[in-house]
Amino acid sequence: MTTWILHDSHRAEFRSPFGAVPCATPISLAVAVDSRQPVDSVILRLWKYGREEEKITMQPAAEKEGRKFYRAAITAPAIQGWLWYFFIIVQGDRVFYYGNNPQNLGGEGCLYDHEPPSYQITVYKQDNATPHWFKEAVMYQIFVDRFCNGHAEGKILNPKQHCVIYPDWDAVPQYGRDPQTGKTVCFDIFGGNLLGVLKKLPYLKDLGINVIYLNPIFEAASNHKYDTGDYKKVDPMYGDNRLFQELCAKAAELGISVILDGVFSHTGSDSIYFNREGRYPSLGAYQSKDSPYYSWYRFIEYPHRYECWWGVETLPNVNETDPSYQDFIVTGEDSVIKYWMKLGAKGWRLDVVDELPDEFIKKIRTTMKQLDPQSVLIGEVWEDASNKVSYGAMRQYLLGEELDSVMNYPFRRAWLDFMTGQSDARELHRRLMSLYENYPLEQFYAAMNLLGSHDVERVLTLLCGAPPADLLSREEQARFKPSREQERLGLARLKLLVLVQMTFPGVPCIYYGDEAGLHGYKDPLNRATYPWGKENRELLAWYKKVIGLRNRYDVLKTGHWQPVYHEGQVYGYLRKISQGKDVFGRPKQDNLALVLVNAGTDREARLTIHLGCSYNGSLSDLLPGAGHYRVQDGVLQLTLAPLTGKLLMDEGWQ
């Protein structure tokens, strides 16, 4: 014990059941006090979010190893939400508080002399469920303009004003900015299109992909398309609606689903709906208060001052509660959501979901599930999505009525910090366990586990030890080339992260080109073109190998997850299916897999690993350089070289 009082929310003797719970679930909570420290009372302070405070006197229970346990039994509310708790210990005229650690990561807490941070229990709807097919998938994110031009002669379709077209596919992306204001005045275009995506479907199938997530494809003035001009029209530079429908159909034949990016918190100023630039024949909200779209927007001083996304005047915010807007986007007979799903989209990723009202998200989900119960709704969330606060309110993303999945940026950050030596295995373990504890199991196994995206630096650049972006000018960032040694380090680290990504609970998502070895600092440098014919073949082969293993073995998709080692720069976990059932109780073949990663760069690790079961037998390494490792009474001993990972498995485990 680090103090004379202890509670560890990760251990069943202190909290049962573990983690998030369905509504109306009985919960047992306990705190242990050193038997040599007499106390007058131990009180559980419980807060039912948005409802009431309750103080429950805990009853003394059994003594164990010099500690007296005090217990309380509670029941989760019948309505989804959150429970928050800490403990108050009265000893004579002194009052102590025991609560969550200062990092709010759960597990073992801390003793305070004042009201402490609370432990969290996520309470979700009884019928909370996410599509099983999605939990078993591998995703691939495509920024369409930079992926592939489907026209052999490199033809650029319908070029726009204020765009610069690069004659060289391999050129370095850049924006044309006004030197005085810094505002973007022209966009760079490379010519990728939906025909290119369609023609590369065999490549994606061979890679092992099951889901394509497309950055926005609707008509817009920019190259990124987050400034929607027409929600019901594919941008003419990418193709047309018929081509999108064909893409979805051809992809479905290969077992690949297509998910669209929904940008519903704002439109473009250059759009049918706002029409500030007057390029559309419609009567836009900027042009007249008589516009059918006027109520969609919030004007401060009509027409020139209006609410914008992060103050960007080309991105006017919309009022998502406006009935006309909701009818157009969600509920109408030919709403945007319904229109594209009928053309073949299997789901949506909601851009800046924290800026969308909960009720709006719930309506999107309801509409989607009515049309296709197996469709998927993903949200862009950068933090722990179970306790995200935006606009002063706790968000209900994971409580069973909103999102199936979220972009798992906390997963990415935790593993990057570990791989680059900014944290050790213990810190990594605490951060992973926090997500495991706070997320409902359905969402934990459906989380979009990414290493890169269009909004962050390329993962290989971060892993190779490139200088921090804030130490370089934009020109220096654009010119950065890793040394041979930096590249070797980055590739070794990336291989380990890919091993983790493909064997960890959740849905791995590959940002196009990461598998080919692309580098780049943040936007626009992280949006370079896919290097067709110039890929890093060794890295690409590694991706195919590890994705193939994930796709082959159910245990790596929905097997139980059990951390077994977290010391120094080595992390290890088990994936396990036993008694013919996976973690969701579905029939699956029994199996056991052990994943080990040594992120250290200069020291081998001699390990003794306790698997937590009475297993006796031999585990085989499924990765190149395979070996066999004997396990006796659930204990495995081996040596792990620097920057090395292993995937050990016994397919006949019972």
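Me: How do the residues lining the second largest pocket divide by class?

Reply: Ala, Val, Leu, Ile, Met, Phe, Trp, Tyr, Cys and Pro count as nonpolar, Asp, Glu, Lys and Arg as charged, and the others, Gly among them, as polar. In this predicted model, that lining has 13 nonpolar, seven polar and five charged residues. Local features need pLDDT of at least 70 and side-chain atom pairs 80 or more, while totals for chains, interfaces and linings use all residues. Numbering starts from 1 along each chain as its sequence is written, and side-chain values use heavy atoms, leaving out hydrogens and water.

Me: Which residues lie nearest the centre of the second largest pocket?

Reply: A pocket is an open set of points on a 1 Å grid over the protein atoms alone where a 1.4 Å probe fits, with protein on both sides within 12 Å along at least five of seven lines; lining residues have an atom within 4 Å of a point. Here 25 residues line the second largest pocket, with Lys481, Gly517, Leu518, His519 and Ala528 nearest its centre.

Me: What volume does the largest pocket have?

Reply: Picture the space filled by probe spheres set on grid points joined across faces, edges and corners. For the largest pocket, that is about 1600 Å³; for the second largest, about 600 Å³.

Me: And what lines the largest pocket?

Reply: Look for 45 residues, with Phe187, His224, Val312, Thr314 and Leu315 nearest the centre. Its lining has 14 nonpolar, eleven polar and 20 charged residues.
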